[in-house]
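Open the model in your viewer and keep a selection box handy. We will move from one stop to the next, with a short note on what to look for at each.

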Amino acid sequence: MKSFNYISVVTLNQALEALQQEKENACLVAGATNVLPFIRYKKINNKTLINIRNLKELRYIQETDEKIFIGSLTTITDLEKSDILKKYAPALVDAARNFADPTTRNSATIGGNIANASPAADTAPPLLALDAVVVSVSKSGERKIPIDEFFTGVNMTALKPEEMIKEIEIPKNPANSHSHFIKLGLRNAMAISIVSAAAVLEIESGKIKKVRIALGSVAPTPVRGRTVEKLLMGQDFSDKVIEKASSRIHEDISPISDIRASREYRQTVASVVVKRALQKIGGIY
Ligand SMILES: Cc1cc2nc3c(=O)[nH]c(=O)nc-3n(C[C@H](O)[C@H](O)[C@H](O)COP(=O)(O)OP(=O)(O)OC[C@H]3O[C@@H](n4cnc5c(N)ncnc54)[C@H](O)[C@@H]3O)c2cc1C
């Protein structure tokens with residue numbers, strides 16, 4: 001195995017100093033569940049590894065009256081167990097429950113999941129549907145990046161080389177709003193998604209007042225289902241309306257064929273997964 005420069009930090013300031021110094025040469029290591037396989041398969045070479053795993057100050061889930069704040073070092077297990085998220089962001093809890101296996105969930109972090117920017121990242125569709133904002137930080141200060149501007153390509157993000165994710169902000173939805181996430185894989189556990197979808201619905205007097213739909217594994221980045229959202233806005237909430245709108249999801253996605261599924265299969269099941277996510281929320285009302 002190749003040798004790497006290695007720095008371990010215990011404060012955010014130390015991490016930012018190291019990032020400022022190393023810039024493009026830096027590779028942050030949080031839970032290492034992506035980084036270690038990348039090293040093993042030589043996808044990462046000649047980098048300075050900056051271990052941020054011990055930055056306790058970035059591991060939290062907090063709330064104010066209007067928002068939820070999730071520190072970037074928060075693990076997937078923390079998401080799964082959070083009462084705040086169970087109440088205000090159940091789609092993110094669903095995603096955490098469907099993520100890998102318990103051992104991986106104990107190490108993997110939400111910051112690492114979105115920074116790695118896989119089209120199949122399980123926390124991405126819920127965060128998109130929940131209108132999350134990524135707060136990045138560098139020696140120059142903080143910057144807020146709406147999540148729908150964060151993913152710029154396969155394994156690419158809007159982060160600058162000297163920046164890291166500090167936290168993720170999620171606006172609290174009103175009490176008549178609910179969310180759900182569905183992941184379709186080749187098996188029920190330890191599977192990368194073939195298609196995943198998250199939905200947020202707010203219904204008032206039987207009509208759809210707000211809707212957000214987001215999908216994973218159907219485009220180079222996680223994507224919003226904006227065509228379907230537009231079709232649903234202001235409509236009566238009914239199975240017929242949901243079915244008709246969901247059938248148009250192919251207009252929002254651009255899947256590829258790979259070892260897990262063909263383009264055509266993904267296109268077909270995407271409409272089913274979106275429909276089921278919306279119906280599941282509808283069942284709550
Ligand atoms: C067996 C196995 C099963 C898996 N199953 C799933 C699954 O079901 N669903 C899924 O979505 N993923 C899965 N993954 C992928 C991986 O576990 C996740 O992407 C995980 O969330 C990455 O988090 P991490 O803390 O381990 O990141 P790391 O591996 O430490 O880092 C990943 C990337 O993010 C960068 N990074 C980390 N933290 C920050 C930060 N705060 N700011 C900026 N950049 C940062 C790193 O530099 C690196 O480029 C699986 C991986 C394995 C090995």
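The tour below visits two sheets, a helix and the ligand.

**Before you start.** This is a predicted model: local features need pLDDT of at least 70, side-chain atom pairs count only at pLDDT 80 or more, and totals for chains, interfaces and linings use all residues. Residues are numbered from 1 along each chain as its sequence is written. Helices (H or I, at least four residues) and strands (E, at least two) are DSSP runs, numbered from the N terminus, and two strands pair if DSSP finds at least two bridges between them.

**Stop 1: the parallel sheet.** Select 5–8, 26–29 and 48–51. Here three strands make an open, parallel sheet in the order 1-3-2. Strand 1 (5–8) and strand 2 (26–29) are its edges, each pairing on one side only. From one strand to the next, the twist averages 25° (axes are lines fitted to C-alpha atoms, for helices over the stretch in contact; angles run from 0 to 180 degrees between N-to-C directions). Now add helix 1 (residues 12–22), which packs on this sheet and touches strand 1, strand 2 and strand 3; its direction makes about 165° with that of strand 3. Contact means that C-beta atoms, placed from the backbone, lie within 7 Å. For a close-up, pick Ser8 and its bridge partner in strand 3, Asn51.

**Stop 2: the antiparallel sheet.** Four strands form this open sheet, in the order 11-12-13-14. Strand 11 (177–184) and strand 14 (223–224) each have a single partner strand, so one side of each is left without a neighbour in the sheet. Strand 13 (residues 207–216) is joined to strand 14 by two bridges, and Leu215 stands opposite Val223. Next, show helix 12 (residues 263–282), lying across strand 11, strand 12 and strand 13 at about 35° to strand 12.

**Stop 3: helix 5.** Select 90–97. How many of its eight residues are buried? Six are, where buried means 20 or more other C-beta atoms within 10 Å of a residue's own. Among them are Leu92, Val93 and Asp94. The buried residues pack against strand 11 and strand 12, and against helices including helix 3 (76–81) and helix 8 (124–129).

**Stop 4: the ligand.** Of the 27 residues around the ligand (C-beta within 6 Å), Gly31, Gly111, Gly112, Asn113 and Ala115 come nearest. Helix 7 gives the largest share of this shell, five residues. Finally, colour by domain (bounds come from an automatic or database domain assignment): domain 1 (5–51) and domain 2 (58–171) both contribute to the shell, so the ligand lies between them.

Note on methods:
Contact = placed C-beta atoms within 7 Å. Buried ≥ 20, exposed ≤ 12 C-beta atoms within 10 Å, placed from the backbone.
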